[in-house]
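Here are some short exercises to work through with the model open beside you. Try each task on your own, then follow the solution step by step.

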Amino acid sequence: MNRFTSADIKDKIKAHAEKHDGGSVNGFIQRAIRETMERDGGNA
(Lines give C-alpha, C1' and ligand atoms only; values in the text may rest on other atoms or scores of the structure.)
Protein backbone atom coordinates (compact mmCIF):
# COMPACT_ATOMS: atom_id res chain seq x y z
CA MET A 1 0.00 0.00 0.00
CA ASN A 2 2.95 2.35 0.47
CA ARG A 3 3.37 2.86 -3.26
CA PHE A 4 -0.17 4.02 -3.80
CA THR A 5 -1.13 6.14 -0.81
CA SER A 6 0.16 9.11 1.12
CA ALA A 7 0.86 8.72 4.83
CA ASP A 8 -2.30 10.70 5.62
CA ILE A 9 -4.54 8.38 3.62
CA LYS A 10 -2.79 5.30 5.00
CA ASP A 11 -3.45 6.54 8.56
CA LYS A 12 -7.13 7.08 7.75
CA ILE A 13 -7.45 3.60 6.27
CA LYS A 14 -5.72 2.05 9.29
CA ALA A 15 -8.00 3.93 11.71
CA HIS A 16 -11.07 2.78 9.80
CA ALA A 17 -9.83 -0.81 9.73
CA GLU A 18 -9.26 -0.73 13.48
CA LYS A 19 -12.91 0.23 14.04
CA HIS A 20 -14.51 -2.08 11.48
CA ASP A 21 -12.19 -4.91 10.51
CA GLY A 22 -10.38 -5.92 13.67
CA GLY A 23 -7.40 -3.71 12.83
CA SER A 24 -6.59 -5.52 9.61
CA VAL A 25 -5.93 -3.24 6.66
CA ASN A 26 -5.81 -6.33 4.45
CA GLY A 27 -9.21 -7.39 5.79
CA PHE A 28 -10.59 -3.94 5.06
CA ILE A 29 -9.27 -4.00 1.50
CA GLN A 30 -10.69 -7.48 0.90
CA ARG A 31 -14.08 -6.45 2.30
CA ALA A 32 -14.11 -3.27 0.20
CA ILE A 33 -13.36 -5.23 -2.96
CA ARG A 34 -15.94 -7.92 -2.16
CA GLU A 35 -18.69 -5.38 -1.37
CA THR A 36 -17.93 -3.35 -4.48
CA MET A 37 -18.03 -6.42 -6.70
CA GLU A 38 -21.34 -7.51 -5.15
CA ARG A 39 -22.79 -4.01 -5.59
CA ASP A 40 -21.61 -3.94 -9.21
CA GLY A 41 -23.30 -7.27 -9.90
CA GLY A 42 -20.20 -9.42 -9.98
CA ASN A 43 -19.48 -12.58 -8.08
CA ALA A 44 -17.27 -12.11 -5.07
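**Exercise 1. Find the glycine just after helix 2 that takes a positive phi, then look for one just after helix 1.**

Solution. Start at the end of helix 2: just after it, Gly41 takes a positive phi of about 90°. Now go back to the end of helix 1. Just after that helix, Gly22 has a positive phi too, of about 65°. Keep in mind that you're looking at a predicted model, and these angles are computed from it.

**Exercise 2. Count the helices and strands, and check the helix lengths against the expected span.**

Solution. Step one: the protein chain has two helices and zero strands. Step two: take helix 1, with its 14 residues. Its first and last C-alpha atoms are 20 Å apart, close to the 20 Å expected at 1.5 Å a residue. Step three: do likewise for helix 2. Its 15 residues should span 21 Å at 1.5 Å a residue, and the end C-alpha atoms are indeed 21 Å apart, so the two values agree.

**Exercise 3. Work out where Asp21 sits, whether it is buried or exposed, and what it touches.**

Solution. First, place it: Asp21 is in the loop between helix 1 (7–20) and helix 2. Next, check its cover. Asp21 has a relative accessible area of 17%, and the cut-off for buried is under 20%, so Asp21 counts as buried. For comparison with the whole chain, 11% of its 44 residues count as buried. Last, list the contacts: leaving out residues up to four places away in sequence, Asp21 touches His16, Gly27, Phe28 and Arg31.

**Exercise 4. Track down the three salt bridges and say which residues join into one network.**

Solution. There are three to find in the structure, so take them one at a time.

- Lys12 pairs with Asp8, with the closest N and O atoms 3.6 Å apart. Why can they meet? They are four residues apart in helix 1, which means about one helical turn separates them. Lys12 is exposed at 52% relative accessible area, while Asp8 is partly exposed at 46%.
- Arg31 pairs with Asp21, and here the closest N and O atoms are 2.8 Å apart. Arg31 lies in helix 2 and Asp21 in the loop between helix 1 and helix 2, so this pair ties together parts that are ten residues apart in sequence.
- Glu35 and Arg31 meet through their side chains, at 3.3 Å from N to O. They are four residues apart in helix 2, so about one helical turn lies between them. Glu35 is partly exposed, at 37% relative accessibility.

Now look for shared partners: salt bridges that share them join Asp21, Arg31 and Glu35 into one network.

**Exercise 5. Describe the exposed surface of the chain and find the residues that make a nonpolar patch of about 240 Å².**

Solution. Begin with the total: the protein chain exposes about 3600 Å², and carbon and sulfur atoms supply 51% of that. Then pick out the patch. Ile29, Ile33 and Met37 make this nonpolar surface patch of about 240 Å². Finally, zoom in on one of its members: Ile33 belongs to helix 2 (residues 25–39). Its relative accessible area is 47%, so Ile33 counts as partly exposed.

Notes. Residues numbered from 1 in each chain as written. Predicted model: local features only at pLDDT ≥ 70, side-chain atom pairs only at ≥ 80, totals over all residues. Heavy atoms only, no water. Buried < 20%, exposed > 50% of the residue type's maximum accessible area, 1.4 Å probe, protein only. Areas by Shrake-Rupley, 256 points an atom, 1.4 Å probe, with all protein chains shown as cover. Patch = residues over 30% accessible without salt bridge, like charges linked within 9 Å, V, L, I, M, F, W, Y side chains within 5 Å. Salt bridge = Lys/Arg side-chain N within 4 Å of Asp/Glu carboxyl O. Contact = heavy atoms within 4.5 Å. Expected span 1.5 Å × (residues − 1).
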